[in-house]
Amino acid sequence: MDIKAVVFDLDNTLYDYDAAHEAAFRILSGYAQIALGLSEEEFSAVYDAVMQEQITRSGGAYAAIHNRMIRFQMILERVRKPILYAPQMSDLYWAVFLDACRPVPGVREALEALRTEYVIGVGTNMTADYQYRKLQRLGLLDFIGFMVSSEEAGAEKPEKRLFDLCAEKAGCAAAECVFVGDSLSHDIKGALDAGMSAVWLSPPPGHIAEPKPAPDGVPAIASLSELPGLLRGLRGI
Ligand SMILES: [Mg+2]
């Protein structure tokens with residue numbers, strides 16, 4: 001197999017999204033208690049409801065569904081509080097989130113090894129701004145040759161359009177790209193549908209369990225440090 005590019009999902013693939021979100025959400029929940037008079041349970045319930053409404057309102061296929069400023073504004077509208085709190089909530093959320101961002105074990109070494117042989121890219125569902133900030137904070141930006149966010153592609157994974165744009169930026173055929181991600185429904189399905197190969201980074205114990213195992217022929221790895229060796233194997237060298 002000829003592999004020219006390796007494209008990574010970002011959230012929960014290059015760093016632990018769940019841990020960073022949890023840390024940010026905890027602080028934000030404290031803020032909501034003091035500033036908005038919402039209990040932890042009330043804030044959590046309104047957050048979940050609004051996240052769902054954000055998807056329904058926009059039709060679901062737009063990167064704006066991930067925009068936290070819009071999410072916090074919608075929360076404030078729902079609980080009938082002034083929208084002047086929205087920027088504060090967004091700033092607080094992202095400050096804590098970025099501070100809590102940690103690269104997954106082995107990611108630097110893997111990228112270091114891979115970049116000598118492949119074009120490295122990121123294909124991610126989210127608005128561009130904060131994906132750049134995360135990569136910057138993780139110290140991984142200088143490894144990344146190209147970036148495709150769903151905001152730029154105008155399509156969310158698993159839509160083919162996002163993967164097509166990845167291959168276009170990689171400067172090779174989709175069949176020469178390997179997509180690496182933690183989500184079977186977004187990353188693996190989308191990559192295979194677009195004609196790429198895929199490697200599944202299986203979520204660590206304790207994280208939300210995927211409903212089914214990886215499809216036949218899709219290798220699963222527990223750590224990115226397994227990736228350089230796995231790709232050499234796939235190329236038959
Ligand atoms: Mg992910």
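A residue is called buried here if 20 or more other C-beta atoms lie within 10 Å of its own. With that term in place, I turn to helix α9, whose buried residues are Leu184, His186, Asp187, Ile188, Gly190 and Ala191. I should state at once that this is a predicted model. Everything in this talk was computed from that model.

What covers the buried residues of α9? The cover includes helix α8 and the strands β4 and β5. Just after α9 comes Gly195, and this glycine takes a positive phi of about 90°.

Let me now step back to the protein as a whole. The protein has 237 residues, and 37% of them are buried. It contains 10 helices and six strands. The C-alpha atoms fill a box of roughly 60 × 35 × 35 Å along the principal axes. For a chain of 237 residues, a compact globule would have a radius of gyration near 18 Å, and the 19 Å of this protein agrees with that. As for contacts between residues at least 6 apart in sequence, 64% of them join residues at least 24 apart.

Next, the sheet. The six strands form an open sheet in the order β3-β2-β1-β4-β5-β6, and their pairing is parallel. Which strands stand at the edges? They are β3 and β6, the latter being residues 220–221; each has a single partner strand, so one side of each is left without a neighbour in the sheet. Elsewhere in the sheet, β1 and β4 pair in the parallel sense over four bridges. Within that pairing, Val6 has Val178 of β4 as its bridge partner. Helix α9 packs on this sheet, where it touches β4 and β5, and its direction makes about 165° with that of β5.

Helix α8 covers part of α9, and it deserves its own description. This helix runs over residues 160–170, and its buried residues are Leu162, Phe163, Leu165, Cys166, Ala167 and Ala170. The elements covering them include four strands, namely β1, β2, β3 and β4, together with the helices α7 and α9. After α8 comes Gly171, with a positive phi near 75°. On the other side of α8, in the loop that links it to α7, lies Pro158. The peptide bond between Lys157 and Pro158 is cis, with omega about 10°.

I come now to the helix pairs that involve α4. Helix α1 covers residues 17–36 and helix α4 covers residues 85–100; their axes come within 8 Å and cross at roughly 150°. Angles over 145 degrees count as roughly antiparallel, and α1 is therefore roughly antiparallel to α4. The crossing is right-handed. From α1, the residues in this contact include Ala23, Ala24, Ile27, Leu28 and Tyr31. Those they meet on α4 include Met89, Leu92, Tyr93, Val96 and Phe97.

How do the axes of α3 and α4 cross? They come within 9 Å of each other and cross at roughly 130°. The two helices are therefore oblique to each other. This crossing, too, is right-handed. On the α3 side, the contact is made by Arg68, Met69, Phe72, Gln73 and Leu76. On the α4 side, it is made by Tyr85, Ala86, Met89, Ser90 and Tyr93. Tyr85, Met89 and Tyr93 also appear among the α4 residues that meet α1.

Finally, I draw attention to two residues with positive phi that are not glycines. One is Asn12, with phi of about 65°, in the loop between β1 and α1. The other is Arg80, with phi near 55°, in the loop between α3 and α4. Is each of these residues buried or exposed? Asn12 is buried, because it has 22 other C-beta atoms within 10 Å. Arg80 is exposed, because it has 7 other C-beta atoms within 10 Å.

To conclude, I return to the helix with which I began. Helix α9 packs on a parallel sheet of six strands, and α8 is among the elements that cover its buried residues. The cover is mutual, as α9 is in turn among the elements that cover the buried residues of α8.

Technical notes:
Residues are numbered from 1 along each chain as its sequence is written. This is a predicted model: local features need pLDDT of at least 70, side-chain atom pairs count only at pLDDT 80 or more; totals for chains, interfaces and linings use all residues. A residue is buried if 20 or more other C-beta atoms lie within 10 Å of its own, exposed if 12 or fewer, and partly exposed in between; C-beta atoms are placed from the backbone. Two residues are in contact if their C-beta atoms, placed from the backbone, lie within 7 Å. The radius of gyration is taken over C-alpha atoms; the globule rule is 2.2 Å times the number of residues to the power 0.38. Two strands pair if DSSP finds at least two bridges between them. Axes are lines fitted to C-alpha atoms, for helices over the stretch in contact, and angles run from 0 to 180 degrees between N-to-C directions. Angles under 35 degrees count as roughly parallel, over 145 as roughly antiparallel, 65 to 115 as roughly perpendicular and the rest as oblique. A crossing is left-handed if the near helix is turned anticlockwise from the far one by less than a right angle, and right-handed if clockwise.
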